[in-house]
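Me: I'd like a close look at a single part of this protein. Could you walk me through one strand and its surroundings, in plain bench talk?

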Amino acid sequence: MAETETPAVPAPVIPAELLADAPKVKKPRKPRGKKADAPKPAGALEVILQQLDDSKAQQVVTIALEQKKAVADAMVVASGTSNRHVGAIADQVVQKLKERGYRDLRVQGLPQCDWVLVDTGDVVVHIFRPEVRSFYNLEKLWSANAPDDQWAV
């Protein structure tokens, strides 16, 4: 058998500028959804304090958290007279904040209404029944005199 020679196919020539490692530019990701489009309104603390006053909340205390290593700028602690009053205060605060343009609100504790937490991101609101408030005593825990770091002994 005679072998037939096949002509060699030349390799394609690739220009040097295509072979150079060009830096890849990442496009900035655009946030998606309604929450990303809406700017966060300013003045949540004032709206919350006004609504707590309108809702007849008792013993309203505001604690500045800028000096602490915290996730919020301020904390508001208030009391209601009963479970129903605590739930109503929390509902009214959430409703007023939504009217003012706050959309990313997190609320915990509404079914029991012993202690309801409303988190706006910048301000955290704790609404207690009086007995529960005295038990947890958040004012003492987050006061200016409380230590920043706790050491294990």
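What I have in mind is β5, along with whatever sits around it: how enclosed is β5 by the rest of the structure?

Reply: Happy to. One thing up front: this is a predicted model, so take everything below as computed from that prediction.

Let's start with the strand itself. β5 covers residues 123-128, and 6 of its 6 residues are buried, so it is largely enclosed by the rest of the structure. In a regular strand the side chains alternate between the two faces of the sheet. You can follow that here: Val-123, Val-125 and Ile-127 point one way from β5, while Val-124, His-126 and Phe-128 point the other way. Both sets are buried.

Now the strands it pairs with. β2 (residues 74-79) runs parallel to β5, and 6 bridges join the two. β4 runs antiparallel to β5, with 5 bridges between them. Phe-128 turns up in both pairings: Ser-79 has Phe-128 as its bridge partner in β5, and so does Trp-115. β4 and β5 form a hairpin with 3 residues between the strands, and in that hairpin Gly-121 takes a positive phi near 105 degrees.

Stay with Phe-128 for a moment, since its ring is worth a look too. A pair of aromatic rings is described by the distance of the centres and the angle of the planes. The model has 3 aromatic pairs. Trp-115 and Phe-128 make one that is tilted, at 4.8 Å centre to centre with 35 degrees between the planes. The two residues are 13 apart in the chain, with Trp-115 in β4 (residues 115-119) and Phe-128 in β5. How exposed are they? Phe-128 counts as buried at 0% relative accessibility, whereas Trp-115 is partly exposed at 28%. Phe-135 and Tyr-136 form another pair: their ring centres are 5.0 Å apart and their planes sit at 90 degrees, so this one is edge-to-face. Phe-135 counts as exposed at 65% relative accessibility, and Tyr-136 as partly exposed at 43%. Ring pairs link Trp-115, Phe-128, Phe-135 and Tyr-136 into a cluster.

Next, the nonpolar packing. In soluble globular proteins, nonpolar side chains tend to be buried together. The largest nonpolar core here has 21 residues, and Val-125 is among those touching the most other members, along with Ile-48, Leu-52 and Leu-97. α3, β2, α4, β4 and β5 each supply at least two residues of this core, and α4 gives the most, with 6. Leu-97 shows how the packing reaches around: leaving aside neighbours within four places in sequence, its contacts include Ala-44, Val-47, Ile-48, Leu-105 and Val-118. There is also a second, separate core of 9 residues, which includes Leu-65, Met-75, Val-124 and Phe-128. Recall that Val-125 points one way from β5, with Val-124 and Phe-128 pointing the other way.

Met-75 is a good guide to that second core. Met-75 lies in β2 and is buried, with a relative accessible area of 5%. Not counting residues up to four places away in sequence, Met-75 touches Val-124 and His-126 of the strand we're discussing, as well as Val-61, Thr-62, Ile-63, Leu-65 and Trp-142. Met-75 and Leu-138 are 63 residues apart in sequence, yet their C-alpha atoms are 9.8 Å apart in space.

Turning to α3 (residues 44-54), its buried residues are Ala-44, Val-47, Ile-48, Gln-51 and Leu-52. Seen down the helix axis, these fall within an arc of 130 degrees, so they line one face of α3. What covers them includes β5, together with β1 (58-64), β2 and α4 (83-99). On the face turned away from that buried side, α3 carries the exposed residues Glu-46 and Asp-53. Just after α3 comes Lys-56, which has a positive phi near 60 degrees.

Lys-56 also brings us to one last residue. His-85, in α4, touches Lys-56, Ser-55 and Gly-80, not counting residues up to four places away in sequence. His-85 is buried, with a relative accessible area of 17%. A polar atom of the His-85 side chain lies 2.9 Å from the backbone nitrogen of Thr-81.

To pull it together: β5 is largely enclosed, since 6 of its 6 residues are buried, with β2 parallel to it and β4 antiparallel to it.

Definitions and conventions
Residues are numbered from 1 along each chain as its sequence is written. This is a predicted model: local features need pLDDT of at least 70, side-chain atom pairs count only at pLDDT 80 or more; totals for chains, interfaces and linings use all residues. Side-chain values use heavy atoms; hydrogens and water are left out. Rings of Phe, Tyr and Trp (its six-membered ring) pair if their centres lie within 6.5 Å; planes under 30 degrees apart count as stacked, over 60 as edge-to-face and the rest as tilted. Helices (H or I, at least four residues) and strands (E, at least two) are DSSP runs, numbered from the N terminus. Buried means under 20% relative accessible area, exposed over 50%, partly exposed in between (1.4 Å probe, protein chains only). Two strands pair if DSSP finds at least two bridges between them. The arc is that of the directions from the helix axis to the C-beta atoms. Contact means heavy atoms within 4.5 Å. A nonpolar core is a set of buried Ala, Val, Leu, Ile, Met, Phe, Trp, Tyr and Cys residues joined through side-chain atoms within 4.5 Å. A polar contact is a pair of N or O atoms within 3.5 Å; within protein, one must be able to donate a hydrogen and the other to accept it, and residues adjacent in sequence count only if both atoms are side-chain atoms.
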